[in-house]
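Reader: I've got the sequence and the model open side by side. Can you walk me through the empty space inside and what packs around it?

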Amino acid sequence: MSEDGIACLWMRGGSSKGAYFLASDLPGDPAARDDLLLRIMGSPDARQIDGIGGGDPLTSKVAVLSPPSRDDADVDYLFLQVFVDQPLVSDRQGCGNILAGVGPAAIERGLVPVTGDRTNVRIHMVNSGEVAVARVETPGGRVCYAGDAAIAGVPGHHAAIPLLFTNIAGSMCGALLPTGHAADEIDGVQATLIDNGMPCVIIRAEDFGLTGRERPETLEKDAALKARLEAIRLQAGPMMALGDVKDVSVPKMTLVSAPDSGGSIATRSFIPHRVHAAIGVFAAISVATSTRIEGSVAQALAVQPADGNYVIEHPGGTLDVFLDIGPGGEIRGAGNRRTARKLFDGRVFPRSG
């Protein structure tokens, strides 16, 4: 199989890039599949020089697509994070950015038929067990990537891909607040442990002597800060029903501070050992949700919008999140607008051995 190359659709999804495969083109055994993906991406190597990965967690991602395993979906989507400098592949999280490319990829690969000028694709997110709906522009019977939508961290304008999520609370932890508390103390630091699509440990930047305005490269060089955050993360894992998280990429660590660019709250995210140049979609949803929880570390810092449209500030700009808030204040769902673009379609040749 690998000698002849493997069909691969390389796409930008949101502010990430990844390889989109059909499950039928990969080994069925997870261990063999992961070994193949490491060789395709060129891991473990900081530059991923002998593979197609870009030497960054945001460009070392994989989407595996297959026919739906449930009646309320059109396609199954398994997200895999391929570590850059470790021989690890993790399915312990989803990815809302790579998700943005799943609808177009499913249509491109013939898994989902076009239904008109816009095609709604119901995506079963295998990692969390939930279903998201993506609206894909399909004029003339094919995916159109051109449009006038812009998102932070991505140059130019492209076709908007609205995404709607429901029932994502406790996606991996079993509950929105897995400890049952709005805030817990870990190593003397107040932290909100939350999962509304992405398990996150949310902590105040000021509690680490930071302003929350630091550039990613500055935080990346702060070994003492990263060590302290990792110590907190390792303790948070069992508290969030995630078990030992030493070798997995969740929970994410997110520093929050008051907004300074007209948004709802400012963030600096760790994913978890590298500093995110922006913020992930599901992490942004979890952060926005945390601002509404009485007693959370984010609540007092946030500026609450009147219409449920949260603007999450991050180093690359902002990310818009919509929370569907019920009459009793409950969060019934969340939405986001992303873009995606097909970069190439062909065959990839993994290194041998």
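**Cavities and cores**

Reader: How many cavities of 30 Å³ or more does a search of the whole structure find?
Author: Keep in mind that this is a predicted model. Searching the whole structure for cavities of 30 Å³ or more gives a count of 2.

Reader: How much space lies in the largest cavity, and how much in the second largest?
Author: Let's take them in turn. The largest cavity holds about 180 Å³ of space. For the second largest, the figure is about 70 Å³.

Reader: Which helix gives the largest share of the lining of the largest cavity?
Author: The lining has 20 residues, with Gln-93, Lys-252, Ile-271, His-276 and Gly-280 nearest the centre. At least two lining residues come from each of α2 (96–99), β12 (252–257) and α6 (281–290). The largest share is 3 residues, and it comes from α6.

Reader: How many charged residues are in the lining of the largest cavity, and how many in that of the second largest?
Author: Around the largest cavity, the lining splits into 9 nonpolar, 9 polar and 2 charged residues. The second largest cavity is lined by residues including Gln-93, Met-125, Ser-171 and Phe-282. By class, that lining has 4 nonpolar and 6 polar residues, and its charged count is none.

Reader: Which helix gives the most to the largest nonpolar core?
Author: That core has 81 residues, and Tyr-77, Leu-99 and Phe-165 have the most contacts inside it. The helix giving the most, with 7 residues, is α6.

Reader: What is Leu-99 in contact with, leaving aside its neighbours within four places in sequence?
Author: Leu-99 is one of the residues with the most contacts inside the largest core. With those sequence neighbours set aside, its partners are Tyr-77, Ile-123, Met-125, Ala-132, Leu-163, Phe-165 and Phe-282.

Reader: How many residues are in the second, separate core?
Author: Look for Leu-26, Ile-40, Met-41 and Val-82, which are among its members. The count for this separate core is 18 residues.

Reader: What radius of gyration does the protein chain have?
Author: The chain has 6 helices and 17 strands, and its C-alpha atoms fill a box of roughly 55 × 45 × 35 Å along the principal axes. A compact globule of 353 residues would come out near 20 Å, so the chain's value agrees with that: 19 Å.

Reader: What percentage of contacts between residues at least 6 apart in sequence join residues at least 24 apart?
Author: Buried residues make up 55% of the 353 in the chain. As for those contacts, the share joining residues at least 24 apart is 63%.

Methods: Residues numbered from 1 in each chain as written. Predicted model: local features only at pLDDT ≥ 70, side-chain atom pairs only at ≥ 80, totals over all residues. Heavy atoms only, no water. 1 Å grid on protein atoms, 1.4 Å probe; cavity = no way out; pocket = protein on both sides within 12 Å on 5 of 7 lines; lining within 4 Å. Points joined across faces, edges and corners; volume = space filled by probe spheres on them. Helix = DSSP H or I, 4+ residues; strand = E, 2+ residues; numbered from the N terminus. Nonpolar A, V, L, I, M, F, W, Y, C, P; charged D, E, K, R; others polar. Core = buried A, V, L, I, M, F, W, Y, C linked by side-chain atoms within 4.5 Å. Buried < 20%, exposed > 50% of the residue type's maximum accessible area, 1.4 Å probe, protein only. Contact = heavy atoms within 4.5 Å. Rg over C-alpha atoms; globule rule 2.2 N^0.38 Å.
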